[in-house]
Amino acid sequence: MTTPAPSISHRSTPPALSPERPVEWPKRTVRTLPNGLQVVLAESRTFPKISAQLYFRSGNAVVALRAPGLAEMTATVVRTGTTSRPSRQIEEDLRRMGAGLGTSSGADSSAISASGLAEFSAEILALIADLARNASFPENEFERERRQRFEELKIERTTPGFLANERLRKVLFGLHPYAIISPTEEQVASYRREQLEEFYHQRYVPSDALLIVVGDFSTGAMLEQIEKVFGDWKAPKPATPESPAPPRQSGRRVHLVHMPGTVQTQVLLGNLAITRRDPDWYRTVLANSIYGGAFHSRLVINIREQKGYTYSPRSGISALRQLGFFTVHAAVRNDVAAATLTEMFYEMDRMRSLPVTPEELDSARSYLTGVFSLGVATQDGLLGQLSTVYLDQLPESYLETYREKIRALTADDVVAAARRHFDSANAQIVLVGDRAQIGEQAALFGPVTEYDAQGNVAAFGPGDTRA
Amino acid sequence: MNPAPRKLHIPVEHTTLANGLRVVASPDRSAPVVTVGVYYQIGFRLEPHGRSGFAHLFEHMMFQGSENAGKMEHIRLVNSSGGLLNGTTNYDITNYFEAVPSNALERVLWLEADRMRALKVDDENLRNQRDVVKEEVRVNVMNQPYGGFPWLDLPPVAFRNWPNAHNFYGDFADLDAATLADVQSFFRTYYAPNNAVLLMLGDFDPAEAFSLAKRYFEDIPAGALPPRADVTEPPQTEERRGVVDEKLGPLPAIAIGYTLPPRETPDWYAAAILERVLHGGRAGRVFRKLVLEEQIAVDADGSADVFDTNGPTQMVTRIFHKPEFTSEGTVAVYDEIIEELQQKGIAPEELDPVKVKFRSDYYSMLEGGMGSYMPRFGLMHYLACFTLFDGDPNRVNTILDGFLAVTPEQVQSVAKKYLVPRNRAVLVRRPVNLGGAQ
C-alpha cells in the first residue's frame with residue numbers, strides 16, 4: 001500500500017484552517033417608489049419560499065409619553081380584520097398560501113411580516129398591502145385583544161428576566177421614551193379604538209416605510225407586483241416628536257426587585273452606550289465579544305466554566321435608533337449574587353485597564369467575521385441583516401465592509417472602547433430576587449432602592465440619599 | 001395565477017465507515033459555510049434508572065475536554081474559527097453541532113473525532129457542570145412562570161414505563177449522586193461510532209468531505225452496544241390526570257396529550273396532519289374555538305414531535321385559560337372540538353390548506369430551524385433522525401409525500417381511533433396565586 005498509515009500526529013494537533021473561500025454578498029436591488037416606499041429585494045433560491053417584511057419607522061417610542069404600548073396594541077389589532085377580509089378569512093388565506101404572519105411594534109418601528117411558499121408570492125404581498133392600507137380595527141377583536149393583553153401583563157410581572165429589563169430601562173432612560181418597555185394594565189384599559197386608528201393612519205404610511213423581500217423570486221416580476229399593490233398609496237410623512245434626554249448617572253446604585261421565595265437571582269447591570277451610527281460601534285462590538293458576548297469570552301469562562309455560578313451569562317450592546325446601552329446579565333444561585341457582581345466588575349475593569357492578548361484579539365475578530373457570514377446564509381438571517389442596514393439607514397456598503405472593519409481593529413481599539421462604554425464606576429445594578437436572600441449582598445455595591453414586582457418603590461436602603 | 005410549485009430536491013450522499021459510523025453529506029455551495037453535527041442514539045429516555053437527568057449532564061461533559069483538546073479548547077477552536085457550537089439532549093438522541101466558515105470543516109471534524117475517541121474529564125469538571133446544570137434547571141424551570149410546562153410535567157402523568165415517565169432534566173439528588181465513573185461508563189456504552197451518525201452540510205466537495213471523515217473517524221474502535229431497552233408502554237385503559245402547582249404564573253394552564261401511532265405507519269402520517277388541523281396558530285380549530293369564539297383561553301396551541309422521536313410520544317395541546325373559567329369546563333369545551341371532528345370529519349377545503357402549510361413549514365424547518373443563525377440546522381436534524389431511526393437519510397426527499405397524501409377519511413378515522421380518553425393524559429398547572437391578585 002502506498003497510502004501511509006494514519007499517524008498519531010494527525011490526531012494530536014488541530015488542523016490549520018484551509019484557505020478561506022470568498023464570501024459573495026447577496027445582490028440587492030434597492031428602489032424608492034414615487035410615494036416614498038423604499039424597497040429592498042434579495043434573491044435567495046435555495047428553498048422555494050419568500051419572506052417579506054414591511055416596516056414603518058414609528059413604534060412605541062413616539063407614543064410612550066401619552067399612551068405607552070399603543071403602537072404594539074395597534075399592530076396586534078391590525079391583523080384582525082381589513083375592510084374586505086374578516087379575521088377568519090385572513091387566517092385561512094394564510095394557511096392556503098403556506099404562510100405565517102406577524103405584526104408587531106418595537107420602540108422604533110412597527111412591522112407587518114409574512115413568509116410563505118414562493119408560488120404564492122403575489123398573494124402574500126397583496127395580503128401585506130391589505131393589512132397596511134385597509135385595516136378595519138373591529139371593535140370586538142380590539143376588546144378581545146385588550147383582555148388578552150391584561151393577562152400577558154400579569155404573566156410578565158412574574159417573569160424575572162422581564163422585571164430586570166424593565167427596571168434597568170427605567171433607570172437608564174428616565175424620562176426618555178425608551179424607559180418604558182411595557183404598559184401598565186391601567187394604561188391598556190385607557191386605550192380607545194380611535195387612538196389605534198389614528199396611530200395607524202398617521203404612522204403606517206409609504207413615505208416612512210421600508211419593504212424588504214428575500215427569497216425565491218425574480219426581481220423584475222417582484223418589483224412589478226410591489227408597484228401594483230403599493231404604487232397608488234399616498235400619505236404624508238409624520239413628524240417625530242423630540243424626546244427628553246436620559247439622566248446622567250453618578251456612581252453605582254442597586255435596584256432590587258423583590259420576589260419572595262425565588263430560588264435564583266437575576267443579575268443585570270448596564271449603562272448607556274452608543275448606536276450603530278457611532279464611530280465607536282465596531283470596536284465596542286469587538287470589546288463586548290471578548291468581555292462576555294461569546295461562549296469563549298472572559299465572563300463566560302470565569303463565572304460559568306470556572307466557578308459554576310450560572311448557566312448562561314452574557315453581555316451585549318443594544319442599539320436603538322436614538323440611543324444605545326450596554327448590559328451584562330446572569331441568572332445565579334442566591335448565595336453568589338455578590339460574588340457574581342464582583343466578577344462582572346473585575347472583568348469590566350480588566351478590559352478597561354489592560355490590553356487584550358494578541359490571541360484573544362485574533363480569535364474575537366475571526367469569531368465576529370465568521371458569525372457574520374453565517375448570519376446571511378439563510379433567508380431569515382439575510383432579512384435580519386438587511387433590516388438592520390436599511391431600517392437604521394446605515395451605509396449601503398455595510399455588509400461588504402463589516403468584516404474588513406472588524407479585521408482592522410487593534411488591542412488599543414478594544415481598551416479605548418471598554419474605557420468609554422463599559423462604565424464600571426457608574427453602572428446601574430438590577431437584582432431580581434428575594435430580599436431576605438440577597439439584600440445584604442446588594443448593599444455591598446451601592447445605595448439600594450427596593451421595588452415590588454408591580455414596579456412600586458417598596459423601600460430605600462440605608463445608603464440611599466433619596467430616602 | 002400562481003406559478004406551479006417547485007419540487008424541492010435535497011442532494012444527499014451517504015456511506016458507512018468500517019467501524020459502523022454512518023456519514024451523511026448534503027453539499028450546497030451557495031454560501032461559504034458548513035454545518036457539522038454528530039448525533040448519538042442516546043437520549044434522556046434511555047438514561048440509567050436512578051440517574052434522572054444524567055444524559056443531559058453528560059452532554060455538558062462532552063464540552064469539558066477530550067484527549068487532545070482540553071477544557072475550553074472545543075469552544076475556543078470553534079469560536080476562533082468564526083463558528084458557533086452547541087449540543088442538545090432529546091428523547092432518543094443527543095446531538096453536538098457546529099456552524100463554521102467552510103475553511104474550518106477539517107478542524108471541526110478533528111474536534112468531533114477527538115471527543116468521540118476519548119473523553120478526558122475529571123471530578124472538578126463534573127462538579128463545575130453539575131452546578132451549571134442546576135442553574136440551567138432553575139432558570140428554565142423553577143424560576144420561570146410555566147417553566148417545564150408541559151414537557152416535564154406531562155410524561156409522568158401520561159406514561160408508566162420509567163424511560164418515558166421520569167424527570168428528564170433530573171432531580172438534584174440524582175445529579176449530585178452522579179460520579180466520574182458513571183460518566184466514563186456512559187461514554188463507553190453509548191458514545192461508540194456505531195451508535196452515531198456524522199452529518200456535513202454546505203460548502204464542500206463531497207468526495208473530499210468523505211475522505212476527511214474517514215481520516216479522522218474510521219480508526220475509532222466500534223463498541224459493543226447494549227440491546228435496545230424496552231420503552232414500550234403497557235396498554236392504557238382509562239384517561240390519566242394530574243395536577244401540579246404553578247408557583248409564579250397567574251393563569252391556569254392545561255396540557256392535553258394523546259399518544260401518537262407508531263412511526264412510519266399510515267396512521268402516523270394522518271395523525272401528524274390531524275395535529276395541524278387542531279393546532280398551528282389562529283387558523284387551528286383549537287385556537288379558533290377557545291380563544292376567538294368562546295374566549296375562554298388567552299392562548300391555545302399545540303404540537304407533536306413527529307420526526308425526531310423513536311418511542312412513545314404524544315401530540316400535545318397547551319391551553320392557558322382565563323381565571324374565571326374552570327379547567328374542567330375548559331376541557332369540556334375542548335372535547336366538543338374533538339367530538340365534532342370525530343362525527344363530522346373534515347372537508348377537503350379545510351384539509352388542503354393544512355397540507356400546503358405543512359409543506360411550507362417543512363421547508364422552513366430544513367432551512368433554519370434553530371433561529372436563523374445556524375444554516376440548515378433543521379436539515380441536519382432530520383437527516384440524522386431519518387438515518388438513525390429509519391435507516392435512510394433520503395427520506396428527507398420523500399417523506400413529505402406521505403403527509404400530503406392523507407385524505408379527509410383518514411383524518412376522521414385517526415381522530416376516532418386515537419383522540420379517545422384511554423389514549424390521553426390531562427395535566428393542569430394550578431396557580432398558587434390565581435389571577436395574579438396583588
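Me: How many residues does each chain bring to the contact between chain A and chain B?

Reply: Two residues are in contact if their C-beta atoms, placed from the backbone, lie within 7 Å; by that criterion chain B brings 71 residues and chain A brings 68 residues. This is a predicted model, in which local features need pLDDT of at least 70 and side-chain atom pairs count only at pLDDT 80 or more, while totals for chains, interfaces and linings use all residues. Residues are numbered from 1 along each chain as its sequence is written, and chains are lettered from A and ligands numbered from 1 in the order in which they are written.

Me: Which element gives the most to the side of chain B that touches chain A, and how do the residues of that side divide into nonpolar, polar and charged?

Reply: Helices (H or I, at least four residues) and strands (E, at least two) are DSSP runs, numbered from the N terminus. On the side of chain B that touches chain A, α13(B) gives the most, with ten residues. Ala, Val, Leu, Ile, Met, Phe, Trp, Tyr, Cys and Pro count as nonpolar, Asp, Glu, Lys and Arg as charged, and the others, Gly among them, as polar; that side of chain B has 33 nonpolar, 21 polar and 17 charged residues.

Me: Which domains make up the division of chain B, and how many residues of each are in contact with the other?

Reply: Domain bounds come from an automatic or database domain assignment, and here chain B is divided into domain 1 (13–217) and domain 2 (240–436). Their centres, taken over C-alpha atoms, are separated by 27 Å, and 33 residues of domain 1 of chain B are in contact with 34 residues of domain 2 of chain B. The side of domain 1 that touches domain 2 holds 20 nonpolar, nine polar and four charged residues.

Me: Where is B:A229 found, and is B:A229 buried or partly exposed?

Reply: A residue is buried if 20 or more other C-beta atoms lie within 10 Å of its own, exposed if 12 or fewer, and partly exposed in between, with C-beta atoms placed from the backbone. B:A229 is found in the loop between α9 (206–217) and β7 (240–246) of chain B, and is partly exposed because 13 other C-beta atoms lie within 10 Å. Leaving aside neighbours within four places in sequence, B:A229 is in contact with B:L46 and B:P163.

Me: What pLDDT does chain A average?

Reply: pLDDT is the predictor's confidence in each residue, from 0 to 100; chain A averages 94, and 97% of the residues score at least 70.
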